[in-house]
Amino acid sequence: MTVLRIMLGPLRGRGERRAPGFGSRSPGRDNVIVAMDYRSTSDVCGPDDEDNPPRSILRTLHHLSRRIRVEQDVREPLSEPTIVSEVGYLLGGVEWCSHQPWVAAIVDDIRELHAQCRRLAGDQPGRPIGRCPTLLPTGECRMPLYVPSVGDSIICHNPRCGRTWRRPEWERLALLLTTRATPTHVRRAA
Ligand SMILES: [Zn+2]
């Protein structure tokens, strides 16, 4: 589960004097506030706007579930959308969506929203140790492998691979991939 922290830090106590020149800066994390507001749109209106503003989480989920409802000819519920209701609807439609020709567009949107939530929650994957060298019927897997933030195993996220690497294995693999990469760097530098 991802937890988004709205405040930059604990609020100052009442009556505490501000340092001279302390501006009226928001004590909140504006990007998180924007992402959690249904009214937020990702339109860029003026020169001061961010090029890639965060998208409203609920609005994006609602937009996706509405697209699927239209395709399935299902009426929009009368109750207000919530993250729980929209995620529930999307989860219930996974199997049906996987047979539709436009499934890749939905997957891209969900992946982008998931990446945004991870960024805002400070849950960034570390540097990849390399790409998965497992041989599949279609060739080498090549999915980036990241050192896990918890636990000792790395699971390859390629659905066609899914290989689990235990710590001694992935440490050897990281070493091997670094050594394998060296001649290329040497050639490039020469
Ligand atoms: Zn793999």
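These legends go with a set of close-up views of one predicted protein chain.

**Before you zoom in.** The model is predicted, so local features need pLDDT of at least 70 and side-chain atom pairs count only at pLDDT 80 or more, while totals for chains, interfaces and linings use all residues. Residue numbers start from 1 along each chain, as its sequence is written.

**View 1. The whole chain, as a map for the close-ups.** The protein chain holds 6 helices and 6 strands; here helices (H or I, at least four residues) and strands (E, at least two) are DSSP runs, numbered from the N terminus. Along the sequence, the pattern goes α-α-α-α-α-β-β-β-β-β-β-α. Of its 190 residues, 10% count as buried. For burial, the count is of other C-beta atoms within 10 Å of a residue's own, with C-beta atoms placed from the backbone: 20 or more is buried, 12 or fewer is exposed, and in between is partly exposed. Among contacts with a separation of 6 or more, 41% join residues 24 or more positions apart; a contact needs the two C-beta atoms, placed from the backbone, to lie within 7 Å.

**View 2. Where the predictor is unsure.** The chain averages a pLDDT of 76, and 69% of the residues score at least 70; pLDDT is the predictor's confidence in each residue, from 0 to 100. Over residues 10-19 pLDDT stays under 50, and the model has 1 contact beyond four places in sequence for them. Residues 182-190 also stay under 50, with 0 contacts beyond four places in sequence.

**View 3. Helix H2 and what its buried side packs against.** H2 covers residues 57-72, and its end C-alpha atoms are 23 Å apart, which agrees with the 22 Å that 16 residues should span at 1.5 Å a residue. The expected span is 1.5 Å times one less than the number of residues. Look for the buried residues Ile 57, Leu 58, Thr 60, Leu 61, His 62, Leu 64 and Ser 65. They pack against helix H1 (30-35), helix H3 (83-92) and helix H5 (103-120). H5 itself has 18 residues and reaches 26 Å from its first C-alpha to its last, close to the 26 Å expected. Gly 122, with a positive phi near 70°, follows H5.

**View 4. H2 crossing H3.** The two axes come within 9 Å and cross at roughly 35°; axes are lines fitted to C-alpha atoms, for helices over the stretch in contact, and angles run from 0 to 180 degrees between N-to-C directions. The crossing is left-handed, meaning that the near helix is turned anticlockwise from the far one by less than a right angle. On the H2 side are Ile 57, Leu 58, Leu 61, His 62, Leu 64 and Ser 65, which meet Ile 83, Glu 86, Val 87, Tyr 89 and Leu 90 in H3.

**View 5. The nonpolar cores.** The largest nonpolar core has 6 residues: Ala 35, Ile 57, Leu 58, Leu 61, Leu 64 and Leu 120. H2 gives the most to this core, with 4 residues. A nonpolar core is a set of buried Ala, Val, Leu, Ile, Met, Phe, Trp, Tyr and Cys residues joined through C-beta atoms within 7 Å. Another core, of 5 residues, lies apart from it, and includes Cys 132, Ile 154, Trp 165 and Trp 170. Back in H2, Leu 64 is in contact with Leu 90, Ile 106 and Asp 109, leaving aside neighbours within four places in sequence.

**View 6. Two loop residues with positive phi.** Most residues other than glycine have a negative phi. Asp 73 goes the other way, with a positive phi of about 60°, in the loop between H2 and H3. Asp 73 counts as exposed because 6 other C-beta atoms lie within 10 Å. Arg 142 has a positive phi too, near 70°, and sits in the loop between strand S3 (139-140) and strand S4 (144-146). With 14 other C-beta atoms within 10 Å, Arg 142 is partly exposed.

**View 7. The loop between S5 and S6.** This loop runs between strand S5 (154-155) and strand S6 (164-165), and Pro 159 lies in it, as does His 157. Pro 159 is exposed, with 7 other C-beta atoms within 10 Å, whereas His 157 has 13 and counts as partly exposed. C-alpha to C-alpha, Pro 159 is 10.0 Å from Met 143, 16 residues apart in sequence. His 157 and Leu 145 are 12 residues apart along the chain, with their C-alpha atoms separated by 8.2 Å.
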